[in-house]
Amino acid sequence: MLLIGDGMGLAQMYAGYTALVGQLNIFNFRNIGLSKTASADSYITDSAAGATAMATGQKTKNRYVGVDSTGRRLTPIPDLINALKMKTAIISAGDITDATPASFYAHQSERSLSEAIAADFLNSPVDILIGSNSSAFIERQDSHNLFTLLQQKGYQTSTRLATFSKPLAGKMVVLDTTAMLSEAKGRAEFLKKALQLSLQNLGKNKAGFFIMAEGAQIDHGGHENNLPYVVQEMLDFDQVVGEAMRFADENGETLVIVTADHETGGLSLLEGSVNQGYVASNFSTKGHSAIPVPVFAYGPHSLDFRGVYENTALFDKIMQIIKKYH
Ligand SMILES: [Zn+2]
């Protein structure tokens, strides 16, 4: 499982740890590395180039999704492991056509082309897709209904996650507006439920599975320079990490990797108290920063993730581990 906290640097994690008076599931991981995030054309990456690096092992330009710097299509992890009969879920606490999840199934040289990104999903082997932005699929300018086309390909589709609350087999696409809400506005345990549903469905697949789960809105809080927003989103993401750890503990064969595509806000923590759960901060930018992001690994082969390496090495390491078993 690859859990990506969008915009989550060490300061965001420690702010969450402080707010919880000294607790964070992520801090129970023992194997830790650092990922260098620069893109092909910038010292400071965006989510498109950052996620494409992790999904395909190639650095690309900012704004490019699933294609290299010349616009050539790259093959992401779900496509590579589909040939090994492994199954994939891509889930997000946000817009599923946004750059991070899109890098795992789409191929566009402009991240804002959400309808083209949605159409690319028709050619992806991803089994489960959960997030928001149903309009890119069913209220399109070209008036195609991608839900109808996906149903013809064997997917169950829904605009409400609650529809699939019972364990359900098979492929599914769930695009629920709830995913777009911040925690403060009532998203509640959307991402955790999406992960549980994905694990129920894929967890028993004999050849194994890959799940990318994105805590999308840590980044939004960073762009707003809004620390409470960052902390609430950070803690929601950490709950999802806890759920992944529980599954990994029971299953014994699952590797959990927690990282970020980049840091957002240039956040520094200048005063606080872990005992009192209080922290004062300063943001140095409304954008992203260049600082390497932590990588936390848990479970089999987690030792492989120690050290300081380029974000593309995450793809290399994941694929090397998968190939040991296939
Ligand atoms: Zn951002």
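The following paragraphs lead through a predicted model, beginning with the metal site and moving on to the strands, the largest pocket and several single residues.

The zinc ion is held by protein donors from three positions: Asp219, which is listed with two OD atoms, His223 through NE2, and His288 through NE2. These atoms lie 2.1 to 2.5 Å from the zinc ion. Along the chain, the donors follow the spacing D-x3-H-x64-H. His223 belongs to helix α9 (residues 218–223) and His288 to strand β12 (residues 288–289), so the two histidines tie together parts of the chain that are 65 residues apart in sequence. Their surroundings can be described by accessibility: His223 is partly exposed, at a relative accessible area of 30%, whereas His288 is buried, at 14%.

The geometry of the site deserves a separate remark. Ideal angles for four tetrahedral donors at a metal are 109.5 degrees. Among the 4 donor atoms of the zinc ion, the angles run from 55 to 156 degrees, and the site is irregular. A tetrahedral assignment would require all angles to lie between 85 and 135 degrees. Water is not among the atoms, so a site may look incomplete.

Attention now turns to strand β4. Of the 5 residues of β4 (residues 128–132), 5 are buried, so the strand is largely enclosed by the rest of the structure. In a regular strand, side chains alternate between the two faces of the sheet. In β4, Ile128, Ile130 and Ser132 point one way, while Leu129 and Gly131 point the other way, and all are buried. The neighbours of β4 include strand β3 (residues 87–95), with which β4 pairs in the parallel sense over 4 bridges. Within that pairing, Asp95 has Ser132 of β4 as its bridge partner. Strand β6 (residues 172–175) is also joined to β4 by 4 bridges, and these two strands run parallel. Here Leu129 stands opposite Val173 of β6.

Just after β4 comes a residue with a notable backbone angle. Asn133 is located in the loop between β4 and α6 (135–138), and its phi is near 85 degrees, a positive value in a residue other than glycine. Asn133 counts as buried, with 14% relative accessibility. Ser143 also has a positive phi, near 55 degrees, and is likewise a residue other than glycine. Ser143 sits in the loop between α6 and α7 (146–152). Ser143 is exposed, having a relative accessible area of 63%.

Strand β8 (residues 256–259) is covered on both faces: Val256 and Val258 lie on one side, Ile257 and Thr259 on the other, and all are buried. Strand β1 (residues 2–5) pairs with β8 in the parallel sense through 3 bridges, and Leu3 stands opposite Val258 of β8. Strand β13 (residues 293–298) is joined to β8 by 3 bridges as well, but these strands run antiparallel. In this pairing, Ile257 has Ala297 of β13 as its bridge partner.

The largest pocket encloses about 600 Å³ of space. Its lining consists of 22 residues, of which Met86, Gly208, Phe209, Glu253 and Thr254 are the closest to its centre. By class, the lining divides into 13 nonpolar, 7 polar and 2 charged residues. Both β7 (209–215) and α11 (312–324) supply at least two residues each to this lining, and α11 gives the most, with 3 residues.

Two further positions show how distance along the chain relates to distance in space. Met1, in the segment before β1, is buried, with a relative accessible area of 7%. The C-alpha atoms of Met1 and Ser302 are separated by 12 Å, although these residues are 301 residues apart along the chain. Thr70, by contrast, is exposed, at 69% relative accessibility, and is placed in the loop between α2 (47–56) and α3 (77–82). Thr70 and Gln152 are 82 residues apart in sequence, and their C-alpha atoms are 33 Å apart in space.

Technical notes. Residues are numbered from 1 along each chain as its sequence is written. This is a predicted model: local features need pLDDT of at least 70, side-chain atom pairs count only at pLDDT 80 or more; totals for chains, interfaces and linings use all residues. Side-chain values use heavy atoms; hydrogens and water are left out. Donors are N, O and S atoms within 2.8 Å of the metal (3.2 Å for Na, K and Ca); water is not among the atoms, so sites may look incomplete. Four donors count as tetrahedral if all angles lie between 85 and 135 degrees; four count as square planar and six as octahedral if opposite donors are over 155 degrees apart and all others between 65 and 115; anything else is irregular. Buried means under 20% relative accessible area, exposed over 50%, partly exposed in between (1.4 Å probe, protein chains only). Two strands pair if DSSP finds at least two bridges between them. On a 1 Å grid over the protein atoms alone, a cavity is a set of points where a 1.4 Å probe fits but cannot get out, and a pocket is an open set with protein on both sides within 12 Å along at least five of seven lines; lining residues have an atom within 4 Å of a point. Grid points are joined across faces, edges and corners, and a volume is the space filled by probe spheres set on the points. Ala, Val, Leu, Ile, Met, Phe, Trp, Tyr, Cys and Pro count as nonpolar, Asp, Glu, Lys and Arg as charged, and the others, Gly among them, as polar.
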